[in-house]
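Got the viewer open? Let's take a short walk through this one, selecting a piece at a time.

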2 protein chains.
Amino acid sequence: MAKELKELTPRGENYAQWYNDLVLKADLAENSAVRGCMVIKPYGYAIWEKMQRELDNLFKETGHVNAYFPLFIPKSFLSKEADHVEGFAKECAVVTHYRLKNDPEGKGVVVDPEARLEEELIVRPTSETIIWNTYKGWIQSYRDLPILCNQWANVVRWEMRTRLFLRTAEFLWQEGHTAHATEAEAVREAETMLNVYADFAERFMAMPVLKGLKSPNERFAGALETYCIEALMQDGKALQAGTSHFLGQNFAKAFDVTFINKDNKQEYVWASSWGVSTRLIGGLIMTHSDDNGLVLPPKLAPYQVVIVPIYKNQEQLQQISEKVAGITAALKARGISFKYDDNDNKKPGWKFSEYELKGVPVRLALGARDLENGTIEVARRDTLTKESVPVEHIDSYVARLLDDIQANIYKKAFDYRTSVTREVNSYEEFKEEIEKGGFLLCHWDGTPETEERIKNETKATIRCIPLEGDKTPGFCMLTGKPSAQRVVFARSY
Amino acid sequence: MAKELKELTPRGENYAQWYNDLVLKADLAENSAVRGCMVIKPYGYAIWEKMQRELDNLFKETGHVNAYFPLFIPKSFLSKEADHVEGFAKECAVVTHYRLKNDPEGKGVVVDPEARLEEELIVRPTSETIIWNTYKGWIQSYRDLPILCNQWANVVRWEMRTRLFLRTAEFLWQEGHTAHATEAEAVREAETMLNVYADFAERFMAMPVLKGLKSPNERFAGALETYCIEALMQDGKALQAGTSHFLGQNFAKAFDVTFINKDNKQEYVWASSWGVSTRLIGGLIMTHSDDNGLVLPPKLAPYQVVIVPIYKNQEQLQQISEKVAGITAALKARGISFKYDDNDNKKPGWKFSEYELKGVPVRLALGARDLENGTIEVARRDTLTKESVPVEHIDSYVARLLDDIQANIYKKAFDYRTSVTREVNSYEEFKEEIEKGGFLLCHWDGTPETEERIKNETKATIRCIPLEGDKTPGFCMLTGKPSAQRVVFARSY
């Protein structure tokens with residue numbers, strides 16, 4: 001297998017190739033036989049499961065419940081919200097038939113022309129339409145509100161250029177869809193979920209994010225306002241990591257969802273929707289990893305510790321394994337996940353580089369000498385340093401170390417972002433600086449035309465209008481017209 | 001809303017209508033705008049989440065990992081395994097196009113005829129083909145085996161007659177797909193998972209099941225042997241609750257998946273697959289529920305306890321709520337889930353029947369009199385009995401009660417099954433007895449022809465050839481030919 005070839009293309013040589021190499025060689029995902037669809041391999045899926053578990057807890061803590069809505073959307077539903085159809089109806093998978101039959105002319109099967117659907121079904125690219133059509137039956141009065149539903153699901157968008165995790169035709173995500181009696185409550189919900197996403201990104205992924213609003217050009221199709229978290233990858237390109245939309249009454253109007261309010265008057269329902277996807281795994285990889293492989297935050301690593309025995313014969317292995325049993329029991333009691341790799345077919349050196357590639361945060365190695373001395377070797381993946389420490393209380397040592405790694409990789413990413421975030425005041429300077437990557441804080445006149453021209457000329461877009469930080473007004477770097485505050489430009493994934 | 005009308009059609013009057021009423025009125029699921037596809041509502045989905053969590057734990061304890069494979073299957077893949085295509089390729093959703101465009105003749109969107117796929121994609125009805133095509137790249141040597149993957153996913157089978165949870169076009173399930181170096185190991189895996197399913201059904205769902213083999217007629221399309229668990233619903237009809245297949249080398253041959261064995265010889269890989277679905281929720285409902293509503297096993301109830309305050313004024317409510325705070329803290333410490341319903345818009349009587357309908361295992365009611373007396377009213381859903389007990393140590397009382405309810409509803413279902421399971425020795429008797437429902441233990445000559453004739457004449461099928469119990473040989477009730485052992489006949493869902 002290709003596993004023997006663990007070398008990655010260095011980031012400095014070709015970042016995109018490094019990323020692709022890493023996803024494949026760390027066994028995270030691979031392309032499938034179906035164009036644009038990936039297979040998420042067990043190690044990659046284990047990261048997604050950890051993300052799901054933590055996000056799901058955060059959703060439930062904020063009062064949300066899960067539900068499940070159909071995979072298919074009747075074609076006519078997509079046309080009901082004018083902006084939405086422009087944004088989503090075009091590149092999607094269309095089901096036209098419901099039966100195959102044996103090929104009358106020979107081998108295999110063919111589509112049965114008699115089994116044509118009266119109305120085509122679209123594989124959901126997002127579920128606002130089918131969900132608001134459902135909510136119509138659930139809502140009569142303000143007493144039925146709010147509805148705070150989330151769905152864990154697969155969606156399909158027929159992307160032309162795909163990259164593992166970052167942009168695939170099918171991807172996994174969660175989509176929250178909430179219904180409210182007032183505008184203020186729907187806005188508050190969208191903001192609450194933006195904060196949940198930012199909290200998750202920073203506390204679990206150790207990935208610093210900017211919180212902001214999208215410019216009208218970058219808004220979700222059908223939203224009045226799109227909130228987002230934007231992260232910065234090591235190559236200086238931005239990654240949109242999550243979005244939360246205030247949808248106003250657009251979908252309620254499209255699907256005629258009204259309620260009787262407290263004043264006994266009929267009103268359209270207010271909405272929000274919000275989502276993050278397996279794209280986050282791409283962001284996780286590109287925030288922390290290095291030329292040796294993955295670097296995973298302890299809070300999301302499939303296992304946090306790997307233990308490798310160093311032995312010359314079966315008797316030594318036996319002695320080491322007995323010692324390890326005590327260590328793993330202590331780790332388990334602390335809720336620290338681990339793998340003891342006593343596979344006899346592989347040498348310690350092979351194992352060391354394998355777990356380095358896979359980003360296991362802490363590696364413990366135990367040999368005959370250690371048994372004599374009461375020591376153990378501890379290596380941390382983030383700094384690639386190792387030291388020999390007393391084996392006694394190694395569990396509490398590891399617990400502290402995991403916290404330290406989580407904090408350290410966050411700080412490293414935060415410092416990197418700070419180092420490549422700068423104010424730019426003229427368009428000339430902008431065109432020069434954008435080539436170097438990073439976040440550029442610039443004044444913009446607030447018009448789609450200016451944003452569009454900058455995008456066409458420099459490939460940079462407004463990543464967000466930040467909610468926090470400096471709000472001093474100024475003048476647009478391109479047109480000189482007034483600007484309410486600096487916005488964040490970058491090239492992006 | 002229809003919620004005010006909580007009355008269900010009694011089971012004795014119309015069992016199918018009772019089931020449908022209950023699914024709708026207990027807010028478990030509803031039909032969607034898409035033919036045959038259901039919406040799983042939050043309360044129903046919460047049961048599925050509990051099932052998923054427990055099953056996933058059991059899978060991981062037996063060495064399995066999760067992964068994710070594409071939703072779409074190239075049409076040609078389905079033709080590669082001859083039996084499989086016969087069983088699955090016919091009624092399925094076919095994606096033929098990947099783009100819509102604005103209707104040139106007016107409103108809405110139409111399929112863009114220029115965006116026709118070269119090869120049609122099938123929405124997975126099950127994933128053996130796409131997964132074995134993927135495994136080809138993962139397996140070279142016996143060292144790469146076994147592969148023990150599970151997938152949680154949605155699948156689509158274009159069913160003509162659908163019923164909520166029991167038979168829907170789209171449903172949620174898990175599908176395990178394992179690859180092995182030897183036949184014996186693959187058979188053992190299929191048997192292990194059968195036992196996991198039976199354990200889950202009995203220990204968590206409190207639903208007794210028969211473990212057995214399917215007759216060739218009822219086997220999975222592409223399997224050499226199908227193991228199953230069969231449950232019996234209250235109306236005397238059987239429900240196939242889970243299947244585990246020994247696939248031999250069929251899919252390895254179809255997708256050319258070979259490995260170098262320990263003797264350095266090339267060999268085809270051995271396979272198993274196994275799955276359970278949201279259909280289990282239908283089985284859960286029909287095993288325990290009654291004319292008053294759902295009866296849920298404590299181990300899978302979204303919340304195990306509901307607490308209802310009985311008060312005349314806000315001061316009383318305040319005092320009761322303070323007392324309840326202590327109770328809920330104690331329940332939480334024991335890991336017992338609960339809901340405190342202090343909603344002021346609904347009367348206690350309304351709440352009582354609501355939670356009865358929703359099958360909450362234990363209801364606690366606390367009033368002003370209880371505060372004085374140091375008592376609390378405890379009602380159990382399974383027996384519909386209530387009693388007043390000391391509020392002190394109510395948490396340990398409830399913990400024991402939940403265990404008792406779990407055991408009691410299992411026993412009730414087990415006793416019912418026993419009462420309607422009987423040996424039948426002649427075909428005349430069979431035709432009479434099958435009308436009464438239940439499991440009929442009969443001798444059968446082992447031929448598909450006999451099974452087919454019995455099915456056509458009585459609508460009964462062989463649910464399974466039991467693995468446990470009496471194995472005395474005899475003579476087929478229809479043909480008089482030799483029979484190796486009695487098999488289980490029933491009408492089924």
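Start with the contact between the chains: select 57 residues from chain B and 57 residues from chain A, and you have both sides of it. Keep in mind that this is a predicted model.

Now colour the chain B side by class. You'll get 35 nonpolar, 12 polar and 10 charged residues on the side that touches chain A. Which element gives that side its largest share? Pick strand β5 of chain B, residues 91-102: 10 residues of the side touching chain A come from this strand.

Stay there and add strand β5 of chain A, also residues 91-102. The two β5 strands, one from each chain, pair in the antiparallel sense over 5 bridges. For a pair to zoom in on, take A:His97, whose bridge partner in β5(B) is B:Val94.

Next, how do the two chains relate? Superpose chain B on chain A: a rotation of 180° does the job, with 0.0 Å of shift along its axis and an RMSD of 0.0 Å. That is what a two-fold axis does. The same surface serves both copies, with 100% of the contact residues of chain B recurring in chain A. To find the axis from chain B, click B:Val95; its C-alpha lies 2.1 Å from the rotation axis, the closest approach of any residue of that chain.

Last stop, the domains of chain A. Colour domain 1 as 2-73 + 124-288, domain 2 as 305-416 and domain 3 as 421-490. Then put a distance between the C-alpha centres of domain 2 and domain 3 of chain A: they sit 47 Å apart.

Methods:
Residues are numbered from 1 along each chain as its sequence is written. Chains are lettered from A and ligands numbered from 1 in the order in which they are written. This is a predicted model: local features need pLDDT of at least 70, side-chain atom pairs count only at pLDDT 80 or more; totals for chains, interfaces and linings use all residues. Copies are superposed by least squares on the C-alpha atoms of residues with pLDDT of at least 70 in both. Two residues are in contact if their C-beta atoms, placed from the backbone, lie within 7 Å. Helices (H or I, at least four residues) and strands (E, at least two) are DSSP runs, numbered from the N terminus. Ala, Val, Leu, Ile, Met, Phe, Trp, Tyr, Cys and Pro count as nonpolar, Asp, Glu, Lys and Arg as charged, and the others, Gly among them, as polar. Two strands pair if DSSP finds at least two bridges between them. Domain bounds come from an automatic or database domain assignment.
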